[in-house]
Amino acid sequence: MVTSCVIFVSDGMFGIADDAEEPADTACWAVGLAAPMEYGAWVSTGIHTGRVEVGAEVVATAPPAQTTTWEEVVEISVRSIEGDLRIISAHDATPTDLPALNPQGPGWYRIRVHARGRATYADGTNEAPTEHYLITAWPQAPTAPVVLRTSDMIEETRLAHADDPSWEALTRPEQQPAQKPMTAERENLLRHLKRR
């Protein structure tokens, strides 16, 4: 089931993130519309600042690609490290009311990003949403980003970011973030759960 809401974007993007600081310097714009990072991802919007409509759905396995009703469609692999992967506003990192994209907790998920209307007010501002996105997520081991339906905007972004980190660099073991130290509260919780 798709759940939708309107979110505020700034700097021409919104995020897919855990409750952790985004490692923006690791962004890989190989597919132009969305950029996976060491963990989390950015989604590029057409407008610089304003509101867009975003829908989200979580499925068990990859659904058939919907490329006829969307102008742009890409797939990326996104790593969740905190277990609460959500769509956020890049303006203030506020999570939306959309469902978590990683119902199975931390790990790798495949994210399909659909977009329509990005060229309407490119680099402008817009208060009423004219851009629409659908984010579909399912658990899957990491695989290379792919473009399922391209556009001039996607190709321009790919060209402009040709020197960005590669997808392979993001999936190397030495690139994975270190585990957070276990707090006493978390240790107690884990001990309690093991007794059940």
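His114 is in contact with Gln66, Trp70, Glu72, Val73, His132, Tyr133, Leu134 and Thr136, leaving aside its neighbours within four places in sequence. Contact here means heavy atoms within 4.5 Å. His114 is found in strand E8. His114 is buried, at a relative accessible area of 1%. Buried means under 20% relative accessible area, exposed means over 50%, and partly exposed lies in between (1.4 Å probe, protein chains only). Leu33 sits 81 residues away from His114 along the chain, and their C-alpha atoms are separated by 9.0 Å.

This is a predicted model: local features need pLDDT of at least 70, side-chain atom pairs count only at pLDDT 80 or more, and totals for chains, interfaces and linings use all residues. Residues are numbered from 1 along each chain as its sequence is written, and side-chain values use heavy atoms, with hydrogens and water left out.

**Overall layout**

The protein has 3 helices and 11 strands. Helices (H or I, at least four residues) and strands (E, at least two) are DSSP runs, numbered from the N terminus. From the N terminus on, the order is β-β-β-β-β-β-β-β-β-β-β-α-α-α. Of the 196 residues, 42% are buried. Among contacts with a separation of 6 or more, 80% join residues 24 or more positions apart. The accessible surface comes to about 10100 Å², and 51% of it belongs to carbon and sulfur atoms. These areas come from the Shrake-Rupley method with a 1.4 Å probe; for residues, only the protein chains shown count as cover.

**The nonpolar cores**

In soluble globular proteins, nonpolar side chains tend to be buried together. A nonpolar core is a set of buried Ala, Val, Leu, Ile, Met, Phe, Trp, Tyr and Cys residues joined through side-chain atoms within 4.5 Å. The largest one holds 29 residues, and Phe14, Ile16, Val54, Ile87, Leu101, Ile111 and Ile135 touch the most other members. Two or more residues each come from strands E1 (3–9), E2 (13–17), E4 (41–44), E5 (49–58), E6 (72–80), E8 (107–116) and E10 (132–139). E8 gives the most, with 4 residues.

Val54 is one of the core members named above. Beyond its neighbours within four places in sequence, Val54 is in contact with Thr3, Ser4, Cys5, Ile7, Phe14, Ile87, Leu98, Tyr133 and Ile135. Another core, of 6 residues, lies apart from the largest; Ala27, Ala35, Met37 and Trp42 are among its members.

What does Ile135 touch, not counting residues up to four places away in sequence? The list is Phe14, Ile16, Val54, Gly55, Ala56, Glu57, Ile87, Leu101, Ile111, Arg112 and Val113. Ile135 belongs to strand E10. Its relative accessible area is 0%, so Ile135 is buried. Ile16 is 119 residues from Ile135 in sequence, yet the two are 9.5 Å apart in space, C-alpha to C-alpha.

**Three exposed loop residues**

| Residue | Loop | Relative accessible area |
|---|---|---|
| Asp11 | between E1 and E2 | 54%, exposed |
| Pro103 | between E7 (86–89) and E8 | 59%, exposed |
| Asp123 | between E8 and E9 (125–126) | 68%, exposed |

Phi of Asp11 is near 55°, a positive value in a residue other than glycine. Asp123 is not a glycine either, and its phi is also positive, at about 65°. Pro103 touches Val58 and Tyr109, not counting residues up to four places away in sequence. Pro103 and Gly83 are 20 residues apart along the chain, with their C-alpha atoms separated by 8.0 Å.

**The second largest pocket**

Asp123 returns here. The second largest pocket is lined by 15 residues, of which Ser44, Thr45, Asp123, Met153 and Thr157 lie nearest its centre. On a 1 Å grid over the protein atoms alone, a pocket is an open set of points where a 1.4 Å probe fits, with protein on both sides within 12 Å along at least five of seven lines; lining residues have an atom within 4 Å of a point. About 260 Å³ of space lies in this pocket. Grid points are joined across faces, edges and corners, and the volume is the space filled by probe spheres set on the points.

Helix H1 (residues 152–160) supplies the largest share of the lining, 3 residues. By class, the lining has 4 nonpolar, 7 polar and 4 charged residues. Ala, Val, Leu, Ile, Met, Phe, Trp, Tyr, Cys and Pro count as nonpolar, Asp, Glu, Lys and Arg as charged, and the others, Gly among them, as polar.
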